[in-house]
Amino acid sequence: MTQKLFYRSKFLMYSRFELFIPMEESAELESLFQEIVDKTEQLEQLISKFMPGSETSRVNSGTDLKPVKVNSFFFSLIEQCLSYHNLTKGYFSICTGKSPLISGFGITPDRKTQSITLNNSGVIVDFGAVGKGMAVEQAMELLKINGINHALINFGDSSVYGLGSHPNGDYWPVTITNGSNTRQFRLKNSALSSSGLHVSDDKLVPHIINPETGKLVNTNEKIVVISHSPVIAEILSTSIYAAPASDRNNIKMNFPAEEIFIL
Amino acid sequence: MSEENIPGRRDFLGKIAAYSGSVVILGGLGWAGSRLADADEETADHHGKTARVGVVGTGSRGNFLLELMLSIPSIEIIAICDNYPPNLKLGSDILQGKATTYSDHRKMFELEKLDAVVVATPLHEHAPVVLDAFSAGLHVFCEKTMARTVDECVSMVKASQEAGKVFQTGLQRMFDRNYLTFMEMLKNNHIGKISQIRGYWHRNNDWRRPVPSPELERKINWRLYDEYSCGLMTELASHHIQVANWVLNDTPIRVMGSGSINYWKDGREVADNVNLVYEYPGGIHFDYDSMISNKHYGAEVQVMGDKGTFEMESGLFYSENPPPSPGILQLINNIEHGIFDAVNLEGTSWAPELITQDKPKHVNPGLKNPDSSREQLVAFAGFALKGQPVPELTKQGFNASVATLYGDMAIKEKRIITIPEEHRM
């Protein structure tokens, strides 16, 4: 019997992207995977701050604080990020940088000219907090358009999407662990994003910045968010992690459909 | 890729553990797939018997093999032979005078009760000694390359077949644990479809041995003269050509090459640098080069498939795509077994530092310098005691040697050579 296991992996956005579909290998699935890879690479070429030709790099090079005209898709991404920045009380940010501290969103988009201006020369645009979520959302849409009903997408173990269900069950069961805490989540047409310290050379190191203080957040908590949208899950897990307890409820109120877990 | 994630590896190591001591698992070779446990010193039951071995050629390589054989319980060195007295004395000293010494191998074959002979003479003497050995009814281990000419190789293989004896060529990578692991991984499709192999062997020295008096130059430095040797081809390249044959489970159909003396212009006749392309069926190429005026890149065989790369001398495996994460691997295993259970995903958010570029993994961590020169002799003793020829070994030796010699011919004749079908075993 042919196993109904289609699995592919690829290094994308400096992480491991994995797609699992409980179907037999076929040329159609192969070309679908290739399309997902191509689209993810296109996204990376647009938003990566590491790629010299990306729109992000062009904006970041505008340290003379003059407006940088960007393409319309990139501009719409920036506008969406701005609205999430507001919905998360400023804790979701696509801007980092050294002092002087970034105040507000850090950049100013101008819809009329489709241009972005850095608010000061120390600002760096960085889609790190949302890039993988965008890629997973894009991949999920491609799967659906192509009539795939069941699949699991895992991007770097932190941005996960369960389409439909496990072949032997009613959902995709996954667990997330933080130290001695383990919690199971049921994914069915839903995304999971986790935020916390990340492991580097077997050490836990902080990597999320609190945009209010400009400092790395170093708590042992792990935040898990379940959402219908991989982008929202990723935005919310990062901002809840970055925000102090006192601000978390205010953020949560703006995302009534999302489930938030603290491990 | 973590070692645990190389599927099949655990099984394979399990097998190795069962045959600890020496690796004699020739499975995954594309040849035989047989486990030659009889040749293993730890597991083989030789009923207390030892192979009675004579050694012809006690120069630097022969004495190196002598030292190794002293540590192998299934080998008893009865006699040694060399027609150059200082070398014979070196061999005798290693054995503390416990073996009879000869200057003529025919006399040794006639007077001693031997099971087997180990031949480590200069290349041009391989054929006469080996042919005499088969006439004397001995099993033969002969250093690479099999012989100086293709015709000699043909007659040696024929003689081994007529005598019904073991004929093993000293291409020790066939017994190297890393190479054997790679062959197993190849069988399990770890690197996918192979489209090219690259090999190189670089050293930085003149390749000369000190000569006590000028008339001995050609005898001592036989490797530098065309009459006795094909230089870098027969002394080094044959190893990697055997590996390419082994990996592709085939032999080359054509070879083109070029070589010259561009550095060591000291009266030698053999090239000090060679560059070749071997063409295999299916349009697959093995590119090889060797030089002795720069050692920066050392020696390597790079096997390139659409799923991954082997660096066989270093024992490294590179995957073209990342291996499954532990959680997803578990999920796939569960589904294969009809299990519905949660799998753990152990990550955190994306961060620039999380660059997980494709790093190579050693296929046998902790095993940096496998002693395959010794293992091939342990195996040979086992084969000799069993008394049955091992045709696959003979074939590997023949095919590698013939391809080596045709490569040398391509260089010297400056033409593309099609290897005759009758010389592809």
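# Briefing on chains A and B

Ser290(B) touches seven residues outside its own stretch of sequence, counted beyond four places either way: Trp201(B), His202(B), Leu232(B), Leu236(B), Asp272(B), Asn273(B) and Val274(B). The model is predicted. Chain B holds 12 helices and 16 strands, and 56% of its 425 residues are buried. Over all chains there are 26 salt bridges. The points below cover Ser290(B), the make-up of chain B, its sheet, one helix of chain A, several salt bridges and Leu263(A).

**Ser290(B) and its surroundings**

- Ser290(B) belongs to strand β10 of chain B, which covers residues 284-291.
- Is Ser290(B) buried or exposed? Its relative accessible area is 1%, under the 20% limit, so Ser290(B) counts as buried.
- A polar atom of the Ser290(B) side chain lies 2.8 Å from the backbone oxygen of Trp201(B).
- Trp201(B) is also among the residues in contact with Ser290(B).

**Chain B as a whole**

- The accessible surface of chain B is about 17300 Å², and carbon and sulfur atoms supply 49% of that area.
- Among contacts in chain B with a separation of 6 or more, 69% are between residues 24 or more positions apart.

**The nine-stranded sheet of chain B**

- An open sheet of nine strands runs in the order β15-β13-β12-β11-β7-β10-β9-β8-β16 in chain B, with mixed pairing.
- Strands β15 (361-362) and β16 (417-418) of chain B form the edges; each has a single partner strand, so one side of each has no neighbour in the sheet.
- Strand β10, which contains Ser290(B), stands between β7 and β9 in the sheet order.
- Strands β12 (residues 308-311) and β13 (residues 316-319) of chain B run antiparallel and are joined by four bridges.
- Within this part of the sheet, Thr309(B) is opposite Tyr318(B) of β13(B).

**Helix α3 of chain A**

- Helix α3 of chain A has 16 residues, 72-87. At 1.5 Å a residue the expected span is 22 Å, and the end C-alpha atoms are 23 Å apart, so the two values agree.
- Which residues of α3(A) are buried? They include Phe74(A), Phe75(A), Leu77(A), Ile78(A), Cys81(A), Tyr84(A) and His85(A).
- The buried residues of α3(A) pack against helices α1 (27-47), α2 (55-60), α4 (131-145) and α5 (230-242), and against strands β5 (107-110) and β6 (115-118), of chain A.
- In an α-helix there are 3.6 residues a turn, so residues three or four places apart point the same way.
- At the start of α3(A), a side-chain oxygen of Asn71(A) comes within 3.2 Å of the backbone nitrogen of Phe73(A).
- Just after α3(A), Lys89(A) has a positive phi of about 60°.

**Salt bridges in chain A**

- Side chains of opposite charge can pair when their charged atoms come close.
- Lys49(A) and Asp126(A) form a salt bridge with an N to O distance of 3.2 Å. The two residues are 77 apart in the chain: Lys49(A) is in the loop between α1 and α2, and Asp126(A) is in the loop between β7 (123-125) and α4.
- Lys49(A) is partly exposed at 29% relative accessibility, whereas Asp126(A) is buried at 12%.
- Arg111(A) and Glu79(A) form another salt bridge, at 2.9 Å from N to O. This pair ties the loop between β5 and β6, which holds Arg111(A), to helix α3, which holds Glu79(A), across 32 residues.
- Arg111(A) is exposed, with a relative accessible area of 58%, and Glu79(A) is partly exposed at 25%.

**Salt bridges in chain B**

- Asp266(B) and Arg208(B) meet in a salt bridge at 2.9 Å, N to O. Asp266(B) sits in the loop between β8 (254-260) and β9 (273-280), while Arg208(B) sits in the loop between β7 (194-202) and α8 (217-220), 58 residues apart.
- Both residues are partly exposed: Asp266(B) has a relative accessible area of 31%, and Arg208(B) has 26% relative accessibility.
- Arg148(B), Asp226(B), Asp408(B) and Lys412(B) form one network through salt bridges that share partners.

**Leu263(A)**

- Leu263(A) lies in the segment after β18 (259-262) of chain A, and at 11% relative accessibility it is buried.
- Its C-alpha atom is 8.6 Å from that of Ile176(A), although the two residues are 87 apart along the chain.
- Beyond four places in sequence, the contacts of Leu263(A) include Ile176(A), Thr177(A), Asn178(A), Phe185(A), Asn220(A) and Val224(A).

Conventions
Residues are numbered from 1 along each chain as its sequence is written. Chains are lettered from A and ligands numbered from 1 in the order in which they are written. This is a predicted model: local features need pLDDT of at least 70, side-chain atom pairs count only at pLDDT 80 or more; totals for chains, interfaces and linings use all residues. Side-chain values use heavy atoms; hydrogens and water are left out. Buried means under 20% relative accessible area, exposed over 50%, partly exposed in between (1.4 Å probe, protein chains only). A polar contact is a pair of N or O atoms within 3.5 Å; within protein, one must be able to donate a hydrogen and the other to accept it, and residues adjacent in sequence count only if both atoms are side-chain atoms. Contact means heavy atoms within 4.5 Å. Accessible areas come from the Shrake-Rupley method with a 1.4 Å probe; for residues, only the protein chains shown count as cover. The expected span of a helix is 1.5 Å times one less than its number of residues. A salt bridge is a side-chain nitrogen of Lys or Arg within 4 Å of a carboxyl oxygen of Asp or Glu. Two strands pair if DSSP finds at least two bridges between them.
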